[in-house]
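Thanks for asking me to look this one over. Here are my notes, written for someone opening the structure for the first time.

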Amino acid sequence: MSRTLLVVEDERPLAETLRFNLEMEGYRVRTAEDGVEGLSMARALQPDLVLLDLMLPRMDGLDVLRGIREQSQAPVLLLTARTSEADRVKGLDLGADDYITKPFSLAELKARVRVHLRRKQDVTVEERVLEFGASDDRFTLDLNRRLLSRDGEPIALRPKEYELLAYLAQRDGRAFTRDQLLNDVWDISFAGGTRTVDVHVRWLRKKIENPDGPPRHLITVRGAGYRFER
Ligand code: CA
């Protein structure tokens, strides 16, 4: 069955170029020209993947993303001319899966679309629950329900906080560089963007570490990156 892609882009020539090229790849492509239309189409169509411009009339791309994430885990790739790290971090924090900075090559864009669709397809249902922490401070990470809880109480996580924690916790003891984490958890590799990883580690530590002592689970590996210890 052919996959449905939604392109939310107000520059009509670019939207049409994307539509033409993605249809050539065999996808069903729908386009929206502003943020309000984009969000309502995302809700109505339930597309398999969304290409989302950040600078949109009527509703900012980040607000569209927030609205999509309230009811869908479909991959969202941001198309943006913005280069500031703050916007990238904000977009990723809101649950975007990737960033493509304009101008981009169509070959690269098509490759990234393929990767994200395949990744979605590869997600297998694992009946797995990871536990970590001391007996008096027990954390449970439910990989099916994407849920972290402490002594039975759910802890709210941002989408990428969850994904980073799940990635490290499933590979406990192994050290990963910031670049590796950025590539594997965010699927992007942009210059200077590794601070995103540090920011998410800092947020996670506030939720799972004892504030009075050194981290016991999310360990900094000097000169390398991070590793997880149960
Ligand atoms: Ca725009």
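How far apart do the C-alpha centres of domain 1 and domain 2 lie? Keep that in mind as you go through the points below.

1. To begin with, this is a predicted model. The protein chain splits into domain 1, residues 4-122, and domain 2, residues 129-228. As for the opening question, their C-alpha centres are 27 Å apart. Each side brings residues to the contact: 16 from domain 1 and 16 from domain 2.

2. Now for the area between the two domains. About 1200 Å² is buried between domain 1 and domain 2, and carbon and sulfur atoms give 50% of that. On the domain 1 side, Glu85, Leu92 and Asp93 lose the most area to domain 2, and together they make up 41% of what that side buries.

3. Next, the polar side of the story. Between domain 1 and domain 2 the count is one salt bridge, and the count of residue pairs in polar contact, with both at pLDDT 80 or more, is also one. Helix α4, strand β5 and helix α5 (106-122) each supply at least two residues of the domain 1 side that touches domain 2. Of these, α4 gives the most, with five residues. If you want a salt bridge to look at, Asp93 forms one with Arg158, where the closest N and O atoms are 3.1 Å apart.

4. Helix α4 deserves its own look. It runs over residues 85-93, and its buried residues are Asp87, Arg88, Val89, Gly91, Leu92 and Asp93. What covers them? The cover includes α3 (61-69), β4 (76-80) and β5 (98-101), along with α6 (159-169), α7 (178-186) and α8 (195-208). Just after α4, look for Gly95, which takes a positive phi of about 105°.

5. One of the helices covering α4 is α6. How many of the eleven residues of α6 are buried? Ten of them are, so α6 is largely enclosed by the rest of the structure. The buried set is Lys160, Glu161, Tyr162, Glu163, Leu164, Leu165, Ala166, Tyr167, Leu168 and Ala169.

6. Then there is the calcium ion. Which residues coordinate it? Asp10 and Asp53 do so through OD atoms and Met55 through its O atom, at 2.1 to 2.3 Å. Asp10 sits in the loop between β1 (4-8) and α1 (12-24), while Asp53 belongs to strand β3 (residues 49-53), so the pair ties together parts that are 43 residues apart in sequence. Along the chain, the donors follow the spacing D-x42-D-x1-M.

7. Are the two aspartates at the calcium ion buried or exposed? Asp10 is partly exposed, with a relative accessible area of 31%, whereas Asp53 is buried, at 3%.

8. Finally, stay with Asp53 and check its surroundings. Leaving out residues up to four places away in sequence, Asp53 touches Val8, Glu9, Asp10, Gly61, Leu79 and Lys102. With Lys102 there is a polar contact between side chains, at 3.2 Å.

Key: Residues are numbered from 1 along each chain as its sequence is written. This is a predicted model: local features need pLDDT of at least 70, side-chain atom pairs count only at pLDDT 80 or more; totals for chains, interfaces and linings use all residues. Side-chain values use heavy atoms; hydrogens and water are left out. Buried means under 20% relative accessible area, exposed over 50%, partly exposed in between (1.4 Å probe, protein chains only). Helices (H or I, at least four residues) and strands (E, at least two) are DSSP runs, numbered from the N terminus. Contact means heavy atoms within 4.5 Å. Donors are N, O and S atoms within 2.8 Å of the metal (3.2 Å for Na, K and Ca); water is not among the atoms, so sites may look incomplete. Domain bounds come from an automatic or database domain assignment. Buried area is the accessible area (1.4 Å probe) that two parts lose on being put together, summed over both. A salt bridge is a side-chain nitrogen of Lys or Arg within 4 Å of a carboxyl oxygen of Asp or Glu. A polar contact is a pair of N or O atoms within 3.5 Å; within protein, one must be able to donate a hydrogen and the other to accept it, and residues adjacent in sequence count only if both atoms are side-chain atoms.
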